[in-house]
Amino acid sequence: MIKKLAGETWKQLQFAGHKALRKKYAVSSLGRAASYHTSVEEDGKLLSGSVTSGYRTLNLHLESGNGTIYLHREVAKLFLKKPSPKYKFVIHINHKKNDNSFKNLKWATLEEV
């Protein structure tokens, strides 16, 4: 069971192969990650993941091979509207790679990176 923090919203991750996994995965608007069977609040388990080049990641074992998911990108996909297709990158506004709250993330173009 995971205690919900003030103002926190959870959304399920959707990626190729997610339905074949034993558990479901979700990220929160505050940048936390969890695995669960029924619901995050009911039987969820917080995941610490790994750190790759300073970015928090989840390594999932999919039938098609291992998949690495960058938490900041998933939070942005689920909680931030992409201005247009040319915005392909997600940057941390305060330059702290461990702060994955949606308020600290921004979609950016190659020129802004």
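How do the residues of the lining of the second largest pocket divide into nonpolar, polar and charged, and what number falls in each class? In this predicted model, the lining of that pocket consists of five nonpolar, three polar and three charged residues.

The second largest pocket encloses a volume of about 220 Å³. Its lining is formed by Y55, H72, R73, F89, V90, I91, H92, H95, K97, E112 and V113. Two elements, α2 (71–79) and β8 (89–92), give two or more residues each to this lining. The largest share comes from β8, with four residues.

The largest pocket holds about 270 Å³ of space. It is lined by 13 residues, of which R22, K23, Y25, N59 and L60 are the closest to its centre. At least two residues of the lining are supplied by each of β4 (45–47) and β6 (55–62). Here the largest share, four residues, is that of β6. By residue class, the lining of the largest pocket comprises five nonpolar, five polar and three charged residues.

Taken by element, the largest contribution to the lining thus falls to β6 in the largest pocket and to β8 in the second largest pocket. Taken by class, five nonpolar and three charged residues are found in the lining of the largest pocket, and five nonpolar and three charged residues are likewise found in the lining of the second largest pocket. The polar residues number five in the largest pocket and three in the second largest pocket.

Terms used
Residues are numbered from 1 along each chain as its sequence is written. This is a predicted model: local features need pLDDT of at least 70, side-chain atom pairs count only at pLDDT 80 or more; totals for chains, interfaces and linings use all residues. Side-chain values use heavy atoms; hydrogens and water are left out. On a 1 Å grid over the protein atoms alone, a cavity is a set of points where a 1.4 Å probe fits but cannot get out, and a pocket is an open set with protein on both sides within 12 Å along at least five of seven lines; lining residues have an atom within 4 Å of a point. Grid points are joined across faces, edges and corners, and a volume is the space filled by probe spheres set on the points. Ala, Val, Leu, Ile, Met, Phe, Trp, Tyr, Cys and Pro count as nonpolar, Asp, Glu, Lys and Arg as charged, and the others, Gly among them, as polar.
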